[in-house]
Amino acid sequence: MFLKMRSLFVIVIFSLFFLVSCNEYQKVLKNTDVKAKYDLAEKYYNEGDYKRAKRLFEQIAPKYVGKPQGERVMFFFANSYFQSGDYYLAGYQFERFIKSYSQSDKLQEAVYLEAKSYYELSPKYSLDQTDTDKALSRLQNFINTYPESEFFEDANAMAQELTIKKQKKEIEIAKQFDKLGEFNFPILVSAIAALDNFIGDNPGSVYREDAFFYRLKAAMNLAQNSITSRQPERYQEAREYYNALMKSYPETKFLKKAESFNDKIKKELNEVEETLTK
């Protein structure tokens with residue numbers, strides 16, 4: 001019985017505190033007293049109540065432009081957006097802070113958080129990667145500018161993650177070209193060119209083995225569906241791609257399929273040689 005009464009008492013006290021807090025917030029929000037809004041916004045910010053802090057900073061930020069407290073207000077304002085998950089506006093506000101306060105002690109953190117805002121906006125690989133490109137650009141700028149920063153490892157890890165995401169999109173597009181191009185030579189040629197570029201541009205990619213294999217597969221499709229006079233040349237090209245795959249990945253996960261392609265290449269080129277010698 002005593003425990004129930006105690007729990008009820010705690011709930012009542014908390015409810016009263018919440019109501020008082022809400023009334024204070026609403027009162028100051030509607031007030032014209034900038035100093036009162038500033039004090040309450042900073043109080044909420046320090047308590048981690050970023051949504052309320054954000055509303056108040058939004059109202060007073062224009063009032064502090066050019067004033068000594070302006071730098072502090074603008075950083076808190078931008079970070080309130082970030083901490084409450086509004087990454088688009090966080091990125092925009094951090095960008096404004098960086099341009100306005102280039103000598104700030106908070107500049108390094110602002111540059112990092114601007115980049116991280118776009119990182120958080122980066123969608124899954126199959127969607128438009130505009131925000132991923134923005135994030136990579138800003139993360140690379142941060143990495144180059146602040147190699148000794150406490151945020152360096154985190155920024156580098158985010159950049160690597162986004163790079164892999166971009167690479168996955170590229171390899172999936174090339175694979176789609178291969179699927180669509182079985183009886184469409186221009187698409188197959190585009191697939192091979194895209195995979196060539198991927199291999200050259202991404203020497204350390206986790207998808208590089210895939211690129212080698214799907215280039216071979218596209219070349220095989222092209223050779224098998226070519227007119228007879230073009231087949232020897234195209235099977236020869238496919239053999240070069242097979243050799244490149246086996247040289248780089250002798251124990252490739254695609255070994256069984258690659259070997260079947262190679263058997264087909266040998267058979268077709270041997271038949272061509274026999275025809276020429278008759």
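**Group meeting: a first look at a helical chain**

To begin with the overall make-up, the secondary structure of the protein chain comes to 12 helices and 0 strands, and I should say at once that what we have in front of us is a predicted model. If you read along the sequence, the pattern is accordingly α-α-α-α-α-α-α-α-α-α-α-α.

Let me stay with the whole chain for a moment. Of the 278 residues in the protein chain, 40% are buried, while the accessible surface comes to about 16,500 Å², with 53% of that surface belonging to carbon and sulfur atoms. As for the contacts in the protein chain with a separation of 6 or more, 56% of them are between residues 24 or more positions apart.

I would now like to turn to one pair of helices, namely α10, which covers residues 208-224, and α11, which covers residues 231-248. Their axes come within 8 Å and cross at roughly 165°. Because an angle over 145 degrees counts as roughly antiparallel, α10 is roughly antiparallel to α11. The crossing of these two helices, α10 and α11, is left-handed.

Which residues in α10 and α11 meet? On the α10 side they include R208, E209, F212, F213, R215 and L216, and further along the helix also A219, M220 and L222; on the α11 side, among them are Q231, R234, Y235, A238, Y241, Y242 and L245. Sorted by class, the contact of α10 with α11 has 13 nonpolar, 3 polar and 4 charged residues.

Methods:
Residues are numbered from 1 along each chain as its sequence is written. This is a predicted model: local features need pLDDT of at least 70, side-chain atom pairs count only at pLDDT 80 or more; totals for chains, interfaces and linings use all residues. Side-chain values use heavy atoms; hydrogens and water are left out. Axes are lines fitted to C-alpha atoms, for helices over the stretch in contact, and angles run from 0 to 180 degrees between N-to-C directions. Helices (H or I, at least four residues) and strands (E, at least two) are DSSP runs, numbered from the N terminus. Angles under 35 degrees count as roughly parallel, over 145 as roughly antiparallel, 65 to 115 as roughly perpendicular and the rest as oblique. A crossing is left-handed if the near helix is turned anticlockwise from the far one by less than a right angle, and right-handed if clockwise. Contact means heavy atoms within 4.5 Å. Ala, Val, Leu, Ile, Met, Phe, Trp, Tyr, Cys and Pro count as nonpolar, Asp, Glu, Lys and Arg as charged, and the others, Gly among them, as polar. Buried means under 20% relative accessible area, exposed over 50%, partly exposed in between (1.4 Å probe, protein chains only). Accessible areas come from the Shrake-Rupley method with a 1.4 Å probe; for residues, only the protein chains shown count as cover.
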